[in-house]
Amino acid sequence: MNWKKLGQIYHCKPIDNYLLSHASNPLAIHLRGDIYRVFFSGRNKENKSSVGYADIDIVKQQEVDVCKNVVFKHGKSSSFYSHGVSIGNMYQVQNKNYIQFMAWQVKGGGHWRGDIGRLKLGDDFDSLELDPKEVYFGSDGEDKVSLSYSWVMFDEGIYKMWYGTTIDWSSENGEMVHVIKYTTSQDGEVWEKHGLAIPFKIGDAQAFSRPTVFKDVDGYHMWFSYRSGDGTKYRIGYAYSPDGLNWDRKKDSGIDVSPDGWDSEMICYPFVFYHKGKKYMLYNGNDYGKTGFGLAVLEDD
């Protein structure tokens with residue numbers, strides 16, 4: 001597998017006071033022809049994230065349009081998303097389009113933590129609203145510490161979700177242990193948990209985030225961000241599964257940092273999608289997408 005980088009296709013510029021920097025967690029939704037609306041999480045001067053979008057011509061790798069104002073803001077200090085909104089992917093339940101998100105909180109000066117919220121996307125694809133108003137998928141007896149990015153798909157007659165969960169904030173090498181688990185639902189509302197999805201190993205891959213899952217005739221493919229705990233910044237990893245349950249994490253994802261430039265220190269937050277017979281990947285570079293996002297195309301399967 002080899003991903004050919006096509007370059008940075010969106011360069012951040014201040015949009016309003018909520019979207020001053022960053023275009024993290026890019027999420028592509030097809031509008032027409034070669035044009036995709038790419039939602040992203042931008043930040044204000046306090047590093048709290050909210051949602052904006054840019055319309056991109058995938059074939060020409062050009063920006064077509066950018067939102068004029070923030071689309072969805074982080075919450076008030078008392079809310080479960082008071083410190084940020086980091087988006088996952090779009091999926092449908094009963095003809096309604098939803099986007100789940102990691103809801104960031106820092107309560108009482110303590111450690112940050114996350115829950116999973118859900119947004120309903122407007123018919124015009126330029127508005128978002130909380131649905132439900134409270135936490136959608138939160139910590140419980142199995143996931144006790146903190147939750148993060150999820151990926152949801154309707155497949156084989158059920159809804160399938162892969163999501164991030166913290167086992168421990170720190171390990172023997174000082175890095176957190178944050179893994180990807182699996183859960184299913186008959187109706188997209190009530191979820192049954194099935195435990196760990198992607199194998200992890202302390203010192204090798206132990207801090208995972210933002211899975212993106214693609215299914216084809218060969219099975220299930222997942223790309224994700226991960227850190228090893230040796231001080232190396234985020235890289236993009238890859239795992240394969242024949243059934244979506246049992247995953248084999250591979251050493252090579254086919255994409256790595258560049259020798260220099262905007263993605264020379266870090267690559268993270270992949271989003272893989274299919275367009276005109278090709279697999280594309282949106283991803284972020286240095287400093288969690290501070291300057292924007294890039295595009296890559298899969299040269300061989």
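Colleague: Which backbone nitrogen lies 2.8 Å from a polar atom of the side chain of Ser-49?
Modeller: Keep in mind that we're looking at a predicted model. Start at Ser-49, which sits in strand S4, residues 49-57. Its touching partners farther along the sequence include His-83, Gly-84, Val-85 and Ser-86. The backbone nitrogen that lies 2.8 Å from a polar atom of the Ser-49 side chain belongs to Val-85.

Colleague: And is Ser-49 buried or exposed?
Modeller: Buried means under 20% relative accessible area. Ser-49 comes in at 7%, so the label for this residue is buried.

Colleague: Moving on, which residues of the largest nonpolar core touch the most other members?
Modeller: That core has 57 residues. Take Phe-39 as an example: leaving aside neighbours within four places in sequence, its contacts include Leu-27, Ile-29, Val-51, Val-71, Ile-87, Leu-121 and Phe-125. The residues that touch the most other core members are Phe-39 and Trp-162.

Colleague: How many residues are in the second, separate core?
Modeller: Look for Trp-223, Ile-236, Val-272 and Leu-298, which are among its members. The residue count for this second core is 13.

Colleague: What distance separates the C-alpha atoms of Val-297 and Asn-2?
Modeller: Val-297 is in strand S20, residues 292-300, and Asn-2 is 295 residues away from it along the chain. Still, Val-297 is in contact with Asn-2, and also with Trp-3, Lys-4 and Leu-6, among others. The C-alpha atoms of Val-297 and Asn-2 are separated by 8.5 Å.

Colleague: Is Val-297 buried or exposed?
Modeller: Use the cut-off of under 20% for buried. The relative accessibility of Val-297 is 10%, so this residue counts as buried.

Colleague: Let's talk charges. How many residues apart are Lys-13 and Glu-63?
Modeller: Their side chains meet in a salt bridge, 3.1 Å from N to O. Lys-13 is in the loop between strand S1 and strand S2, while Glu-63 is in strand S5, so look for distant parts of the chain being linked. Along the sequence, the two are apart by 50 residues.

Colleague: What is the relative accessible area of Lys-13?
Modeller: Its salt-bridge partner Glu-63 is partly exposed at 35%. Lys-13 is partly exposed too, and its relative accessible area is 40%.

Colleague: Where does Asp-143 lie, given its salt bridge with Lys-193?
Modeller: The two side chains meet at 2.5 Å, N to O. Lys-193 lies in strand S13, and the pair ties together parts 50 residues apart in sequence. Asp-143 is buried, at 1% relative accessibility. Its place is the loop between strand S9 (128-130) and strand S10 (147-155).

Colleague: Which residues are linked with Asp-143 and Lys-193 in a network of salt bridges?
Modeller: We've already met the pair Lys-193 and Asp-143. The other residues linked with them in the network are Asp-140, Glu-142 and Lys-181.

Colleague: Which residue meets Arg-113 in a salt bridge?
Modeller: The N to O distance for this pair is 2.9 Å. The partner of Arg-113 is Asp-115, which is buried, with a relative accessible area of 7%. So the name you want is Asp-115.

Colleague: Last one: which residues make the nonpolar surface patch of about 310 Å²?
Modeller: One of them is Ile-202, in the loop between strand S13 (191-196) and strand S14 (207-216). Ile-202 is partly exposed, with a relative accessible area of 30%. The full patch is made by Ile-167, Leu-196, Phe-200 and Ile-202.

Technical notes
Residues numbered from 1 in each chain as written. Predicted model: local features only at pLDDT ≥ 70, side-chain atom pairs only at ≥ 80, totals over all residues. Heavy atoms only, no water. Helix = DSSP H or I, 4+ residues; strand = E, 2+ residues; numbered from the N terminus. Buried < 20%, exposed > 50% of the residue type's maximum accessible area, 1.4 Å probe, protein only. Polar contact = N/O pair within 3.5 Å; in protein donor to acceptor, adjacent residues only side chain to side chain. Contact = heavy atoms within 4.5 Å. Patch = residues over 30% accessible without salt bridge, like charges linked within 9 Å, V, L, I, M, F, W, Y side chains within 5 Å. Areas by Shrake-Rupley, 256 points an atom, 1.4 Å probe, with all protein chains shown as cover. Salt bridge = Lys/Arg side-chain N within 4 Å of Asp/Glu carboxyl O. Core = buried A, V, L, I, M, F, W, Y, C linked by side-chain atoms within 4.5 Å.
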